Amino acid sequence: MPSANRDQGTYDTADYQAADGRHHLHPFTDFKSLRSRGTRVITRAQGIYLWDSEGHKMLDAMAGLWCVNLGYGREELAQAAYTQMQALPYYNSFFQTTTQPAIKLAEKLAEVSPESLNHAFFTGSGSESNDTIIRMVRRYWQLLEQPQKTVIISRNNAYHGSTVAATSLGGMRYMHDQNSLAIEDFVHIDQPYWFGEGGGRPVEAFGLAVAQQLESKILELGVNRVAAFIAEPVQGAGGVIIPPASYWPEIQRICDHYGILLIADEVICGFGRLGAWFGSDHFGIRPDLMTIAKGLSSGYLPIGGVLVGDRVAGVLIDQGGEFAHGFTYSGHPTTAAVALKNLEILQREQIIETVAAQTAPYLEAAWGKLGEHPLVGEARSLGLLGAIELVKDKQSRIRFDDKGSAGALCRDICFDNGLVMRAVGDTMVISPPLVITTAEIDELVEKASRCLDKTLAAIN
Ligand code: PLP
């Protein structure tokens, strides 16, 4: 029954939770559980902190969903949206029209991205961007009269989005298992996950061996069938999997040698997360195409895109004719204006430089100490991405039998104690706003440490 509050149009938390359970289907959520547990209703945010409808304050160590890189409450971004909405809230870039913010954003992206990536195709999300890339890659090879080159090699446990094509492109088995591996010609090799899959091998030898699976797969399928390889510089949603130093140079060598396109999914790593503009800059990767989203607008408005290198753009532009693809919101002027302002602030406040010189090394030292906790098998970080592996036995690094239960428990304890961390199975991950200070990193790590103590106590 609706409460009296709802009849008057003023909802309390219980009213919101009841309506949410009845009417709102959340992404990546067991729908039924919402009815029994109720959700946390987030009502406001400032800097790196969130508040819920009961007034609880939480340190958001996930920057929303790896995206609120400038932190919450940036008036300039709100102002950019307001100003653009008054002048021109929407117009499209189909059929030989465009808008000023879309042009300026494409120009700015060409300036800040790796050298050959001089063209941008805008979308509304990371998933749409990866769908766009699939179509571009296939079109590219078709135009080069090699239409049989359709296979894209990806990695197990990779997340590239949730549309039908992006699910097939990604390597998350539990997504495929829901009858979603609908599109053919995506194959997957292993991820460079030394802690979980290294099997005691030396780290760099493992990195090299996993990279060489790409070569074996190309030879197995036939070079004439393989169009591209896609990967995140650091696999994010898969559990912040930081590759050994040997990994990316070998991947680059193989792509160059066989002439297959290299796609960097920079949806998480892009725009400063690793202390460089792009993860590709950090690792010295030379991608032919790049997927961007999230940090492009710091999540203030939904926007994504594909940055297209000269190799592919040259063919699509000179030989392609009309590329029959696009979205109503491709190059949306308001989202583009906000993204542009976001990039301007990143540059003006030298945020990426501060991450590289100050906060990333500080996090590495502070976060690394969590590795001494009895529940932690490994604590790793790169830039402002971090992970800790929860284990049953620290010395032997044996995992818990009921996979994911320790992670879910730890995540819930964190939430209840004012810290938002995410659990990927039994791997706890963080991706705080890039504006986090060293004092706030101390607070984050101290909270994480206390929550690990509580998790250990709850397990024993
Ligand atoms: N690619 C990567 C690497 C991601 O992490 C995500 C989302 O988390 C996506 C693509 C999909 O982006 P979106 O949720 O904006 O569709």
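Two residues are taken to be in contact when their C-beta atoms, placed from the backbone, lie within 7 Å. The model shown in these views is a predicted one.

**View A. Helix H5 crosses helix H15, with a contact between their side chains' positions along residues 75-87 of H5.** The axes of H5 and H15 come within 8 Å and cross at roughly 145°, and the crossing is right-handed. On the H5 side, the contact is formed by Glu-76, Leu-77, Ala-80, Ala-81, Gln-84 and Met-85, which meet Pro-333, Thr-334, Ala-337, Val-338, Lys-341, Asn-342 and Ile-345 of H15. Sorted by class, the residues of this contact comprise eight nonpolar, three polar and two charged.

**View B. Helix H6 passes helix H15 in a left-handed crossing.** The contributing residues of H6 are Pro-101, Ala-102, Lys-104, Leu-105, Lys-108 and Val-112, while H15 supplies Pro-333, Ala-336, Ala-337, Ala-339, Leu-340 and Leu-343. Ten of the residues in this contact, given by class as 10, are nonpolar, two are charged and none is polar. The axes of H6, which spans residues 100-112, and of H15, which spans residues 333-348, come within 8 Å and cross at roughly 35°. Pro-333 and Ala-337 of H15 take part both in the contact with H6 and in the contact with H5.

**View C. A shell of 15 residues surrounds the ligand.** Ser-125, Gly-126, Ser-127, Gly-161 and Val-267 are the residues of this shell that come nearest to the ligand. Helix H7, which covers residues 126-143, contributes the largest share of the shell, namely three residues. By class, the shell is made up of eight polar, five nonpolar and two charged residues.

**View D. His-119 is a buried residue of strand S4, which covers residues 117-123.** His-119 has 21 C-beta neighbours inside 10 Å and therefore counts as buried, the cut-off being 20 or more. Once its neighbours within four places in sequence are left aside, His-119 is in contact with Val-308 and Ala-313. Of these partners, Ala-313 lies 194 residues from His-119 along the chain, yet the C-alpha atoms of the two are separated by 7.2 Å.

**View E. Phe-195 is a partly exposed residue of helix H10, which covers residues 194-197.** Because 17 other C-beta atoms lie within 10 Å, Phe-195 is classed as partly exposed, a class that falls between the limits of 12 or fewer for exposed and 20 or more for buried. Not counting residues up to four places away in sequence, Phe-195 touches Gly-377, Glu-378 and Glu-389. Ile-242 is 47 residues from Phe-195 in sequence, and the two are 10.0 Å apart in space, C-alpha to C-alpha.

**View F. The whole chain, shown as context for the close-ups, contains 18 helices and 15 strands.** The radius of gyration is 22 Å, close to the 23 Å that the globule rule gives for 460 residues, so the chain is as compact as a globular protein of that length. Taken along the principal axes, the C-alpha atoms fill a box of roughly 60 × 60 × 45 Å. Buried residues, among them His-119, make up 47% of the 460 residues in the chain. Of the contacts with a separation of 6 or more, 70% are accounted for by residues 24 or more positions apart.

Key: Residues are numbered from 1 along each chain as its sequence is written. This is a predicted model: local features need pLDDT of at least 70, side-chain atom pairs count only at pLDDT 80 or more; totals for chains, interfaces and linings use all residues. Helices (H or I, at least four residues) and strands (E, at least two) are DSSP runs, numbered from the N terminus. The radius of gyration is taken over C-alpha atoms; the globule rule is 2.2 Å times the number of residues to the power 0.38. Axes are lines fitted to C-alpha atoms, for helices over the stretch in contact, and angles run from 0 to 180 degrees between N-to-C directions. A crossing is left-handed if the near helix is turned anticlockwise from the far one by less than a right angle, and right-handed if clockwise. Ala, Val, Leu, Ile, Met, Phe, Trp, Tyr, Cys and Pro count as nonpolar, Asp, Glu, Lys and Arg as charged, and the others, Gly among them, as polar. A residue is near a molecule or strand if its C-beta atom, placed from the backbone, lies within 6 Å of it.
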